[in-house]
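Hi,

Here is the structure I said I would pass on. Have a look at it first, and then read my notes on the core and the pockets underneath.

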Amino acid sequence: MLKDLYTKMLITRQIDTSAIAMQREGVILAYSPLRGQEAAQIGSGVALDLARDFAFPTYRELGVAVAMGVDLVGYLASYVGIWHGGLYDPVASRFGSINAVVAGSVLHSVGWAKGAQLSGDGGVAVSYFGDGASSEGEVHEAMNLAGIDKLPVVFFCQNNGWAISLAAERQIAGGSVAARAAAYGIEGVQIDGNDVIAVLHATRQALARARAGEGPTVIEAMTYRAGPHSTSDDPGRYRSLDDEQTWLSKDPIASLADRLNAEGIADGQFFEAASAEAARAADAVRAGLVALTDRPGEELFDFVFANPTGALQEQKHAWQESMHD
């Protein structure tokens, strides 16, 4: 299991690094890196039951997508600018569409969790958001309703220290997102988000509580965004090099590698094979993205509502007529 977790974390980092390079080269238009948060994302994503559970991501959950087996070309297609939310199938993959609305997916997860509670199928929603999003009103509304109805949802906050350029201590009253859970009558835990095993165990426990009808859990995974908020950001303008170096010494992938070595679980041959697998995965994603072509214009109308309104159908007809003029 540890070797599998390590490989998935390494694949995530390799693709993440490649995505930054692709943005600089113009292959993709923008990107939100996650370097440093691999343990939080892989550890939580691996814990999900893909037959029952559903993950609701933001715009920085590449690692969760890797853990859940999501089509990664489809995932990154959103950053190419030809499709909003990704080209993968969110229903089949159990991984919601990429959501750039800060805290928007938290409300969606609670709605889904209410449906799961009514159906009684044992499914649990896992909602991802950051420390900055935790200050949005949507998060408080979602936690309040989830607490009242004891909904099967896990609020997974990746506290990476920065809400873009605003330090967490300047925007989280009380200093802890997990502590807020008590106000809503739900469980709250703060964990080391750079320890993939700690993340895996905490997520499994929260999922078990939800399935048992004991309600939601807030997990605050303390980690660090080693890179910029996005490819248009310069973190050197708001945080020190010393701070970055301190956190780099706690790198989650290096820490797991040290454990694998110390316990005699893996050797040099394994690490070479894992590195090669990660490189192949990144190359395949890059090739897939380069090969993407523009989407059919009809999709602008076809994927708005399950049952298109009359006005939308008229607009589509008018658009089709204009294309033949």
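**Contacts of Y75**

Once its neighbours within four places in sequence are set aside, Y75 is in contact with Y59, R60, E61, L62, A65, G86, Y88, F95 and I98. Bear in mind that this is a predicted model.

Y75 also turns up in the largest nonpolar core, which has 64 residues. Along with Y6 and F95, Y75 touches the most other members of that core. As for where the core comes from, helix α1 (residues 2-25) gives the largest share, with nine residues. There is another core apart from this one, made of 24 residues and including A113, V139, A146 and I172.

Now the pockets, which may be more your thing. The largest has a volume of about 300 Å³. Its lining comes to 19 residues, and those nearest the centre are Y59, R60, G130, A133 and H229. Y59 and R60 are also on the contact list of Y75. Two strands, β2 (125-130) and β4 (162-163), each put at least two residues into the lining of this pocket. By type, that lining splits into eight nonpolar, seven polar and four charged residues.

The second largest pocket holds about 220 Å³ of space. Around it sit W83, H84, G85, G86, L87, Y88, P90, S97, I98 and F303. Here the split is six nonpolar and four polar, with no charged residues. G86, Y88 and I98 from this lining are contacts of Y75 too.

Cheers

Key: Residues are numbered from 1 along each chain as its sequence is written. This is a predicted model: local features need pLDDT of at least 70, side-chain atom pairs count only at pLDDT 80 or more; totals for chains, interfaces and linings use all residues. Side-chain values use heavy atoms; hydrogens and water are left out. A nonpolar core is a set of buried Ala, Val, Leu, Ile, Met, Phe, Trp, Tyr and Cys residues joined through side-chain atoms within 4.5 Å. Buried means under 20% relative accessible area, exposed over 50%, partly exposed in between (1.4 Å probe, protein chains only). Helices (H or I, at least four residues) and strands (E, at least two) are DSSP runs, numbered from the N terminus. Contact means heavy atoms within 4.5 Å. On a 1 Å grid over the protein atoms alone, a cavity is a set of points where a 1.4 Å probe fits but cannot get out, and a pocket is an open set with protein on both sides within 12 Å along at least five of seven lines; lining residues have an atom within 4 Å of a point. Grid points are joined across faces, edges and corners, and a volume is the space filled by probe spheres set on the points. Ala, Val, Leu, Ile, Met, Phe, Trp, Tyr, Cys and Pro count as nonpolar, Asp, Glu, Lys and Arg as charged, and the others, Gly among them, as polar.
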